[in-house]
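Trainee: Please take me closely through a single part of this model. I should then like to see how that part is connected to the rest of the chain.

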Amino acid sequence: MPWLGGGPVSPARTDSDDAFEDDELSLEGLDDEDDLEDEDGEWGPDDDGAFEDDEASEDDWDTEVEAEYEDDELDEYAPREVAQTLSLGLVSMAPLVLAYEVTLALDGAGGARSVAEAILSLPLRPLSPDATPIVRRAGLVVVLVLALVVSARRTEALARRVGGVVLEGAVFALLLGPLLAFTAASVEPLVGPLVGGTGPGAAQAHTDFARIATAAGGAAYEEVLFRVLLLSLAFVVARWLLGRWVEGERAATALAVLAGSTLSAVAFAALHVDRCVAWLGAGGEPFDPAAFAWRTAAGLAFAGIVLWRGVGVAAWAHALFNLARILGWS
């Protein structure tokens, strides 16, 4: 009977009720949040450190991935930048090359040729004398058309960019006069005074226009030969050699640039000396230490312009500087 003894009787206890009370007592016995986290087995001081390590490793991974991504972007961008700069430079040099070729065609065999153009034309020597200029000029047209196509596709406002190249060349031409005069004065105690008239202005041609066109167009060919082809080849070889001996990529690259620039500058000076160009059948000047040092300094200056601003700027600076010397402005 449920009411024996005159009062209500508590309901019967079950196993689940005992387990629930045990859980409540165990929860009340926890002193703080850390104990709760330890009790659950999901969180604790050691876990915090592990979590921070995971975050650090993720940050390191992100940094490495970002660095690799940037390197990939640079590797992909560098060839495009070189192609764009070279193509724009070739397009901007077109008037200089055109003036040179027109003058050479009008003067015929008696026209003064650039030593650099003669060297670049050596692969055509097996051809007949009549076919050589035709093939060379056809090749020039192909190269300039390709450069124009590449520049037009990758360069906005092409005419404005070409005008900027010419303007930069004019600025550098103005700076070259004082720079080379200072260089000549500095090395005078070692090599003697620079003889007046040394340089492009001393070259003889049939007319004033021919002298100007030959000096200006020859400057374009010299920049292609010495500052694009020879400097690049010397840089690649020096970089390969220095990579084995010099620690650090930046140091090896800087030394390779210096070696390539110096070699191209010395070769530029040497190919104005009669003994160095006799094998080409071209005329030169007798060796003079002051003139050789002056031209070497000029070659280093043009190499710096090519590396900094591109071959087009260097070609126009060279051409306008030659023009100024012919006219007696420097």
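Mentor: Just after helix 10, G310 takes a positive phi of about 110°. Helices here are DSSP runs of H or I with at least four residues, and strands are runs of E with at least two, both numbered from the N terminus. The model is a predicted one, in which local features need pLDDT of at least 70 and side-chain atom pairs count only at pLDDT 80 or more, while totals for chains, interfaces and linings use all residues. Residues are numbered from 1 along each chain as its sequence is written, and side-chain values use heavy atoms, with hydrogens and water left out.

The helix that precedes G310 has 21 residues. From its first C-alpha to its last, helix 10 reaches 30 Å, close to the 30 Å expected at 1.5 Å a residue; the expected span is 1.5 Å times one less than the number of residues.

R309 lies in helix 10 (residues 289–309). Its side chain meets that of E168 in a salt bridge, at 2.7 Å from N to O. A salt bridge is counted when a side-chain nitrogen of Lys or Arg is within 4 Å of a carboxyl oxygen of Asp or Glu. E168 is in helix 6 (residues 158–191), so the pair links distant parts of the chain, 141 residues apart. Both partners are partly exposed: R309 has 38% relative accessibility and E168 has 25%. On this scale, buried means under 20% relative accessible area, exposed means over 50%, and partly exposed is in between, with a 1.4 Å probe and protein chains only.

F172, also in helix 6, belongs to this part of the model. Leaving aside neighbours within four places in sequence, F172 is in contact with I305, W308, R309, V313 and A317, contact meaning heavy atoms within 4.5 Å. R309 is thus a contact of F172 as well as the salt-bridge partner of E168. The C-alpha atoms of F172 and A317 are 5.6 Å apart in space, although the two residues are 145 residues apart in sequence. F172 is buried, with a relative accessible area of 14%.

The wider chain gives this link its setting. The chain has eleven helices and zero strands. Residues 24 or more positions apart account for 74% of the contacts with a separation of 6 or more. Of the 330 residues, 32% count as buried.

By the rule above, the count comes to seven salt bridges. A network of them links E101, R113, E117, R136 and R137. Within the network, R113 pairs with E117, the closest N and O atoms being 2.7 Å apart. R113 is partly exposed at 41% relative accessibility, whereas E117 is buried at 0%. E117 also meets R136 in a salt bridge, at 3.4 Å from N to O. Because E117 lies in helix 4 (residues 115–120) and R136 in helix 5 (residues 131–154), this pair ties together parts that are 19 residues apart in sequence. R136 is buried too, with a relative accessible area of 10%. E101, found in helix 3 (residues 45–107), is buried at 7% relative accessibility. Not counting residues up to four places away in sequence, E101 touches R136, R137, L140 and Y221.

Two other helices can be set beside these. Helix 8 (residues 249–270) has 22 residues and spans 31 Å, close to the 32 Å expected. Its buried residues include A252, A256, G260, S264 and F268. An α-helix has 3.6 residues a turn, so residues three or four places apart point the same way. Helix 7 (residues 208–245) holds L241, which is partly exposed at 31%. Together with L233, V237, W240 and W245, L241 makes a nonpolar surface patch of about 580 Å². Such patches are made of residues with over 30% relative accessible area and no salt bridge, like charges being joined within 9 Å and nonpolar side chains (Val, Leu, Ile, Met, Phe, Trp, Tyr) within 5 Å; the areas come from the Shrake-Rupley method with a 1.4 Å probe, and for residues only the protein chains shown count as cover.

Finally, confidence. The mean pLDDT of the chain is 77, and 69% of its residues reach 70 or more; pLDDT is the predictor's confidence in each residue, from 0 to 100. It stays under 50 over residues 23–45, for which the model has twelve contacts beyond four places in sequence. For residues 199–207, pLDDT likewise stays under 50, and the model has 19 such contacts.
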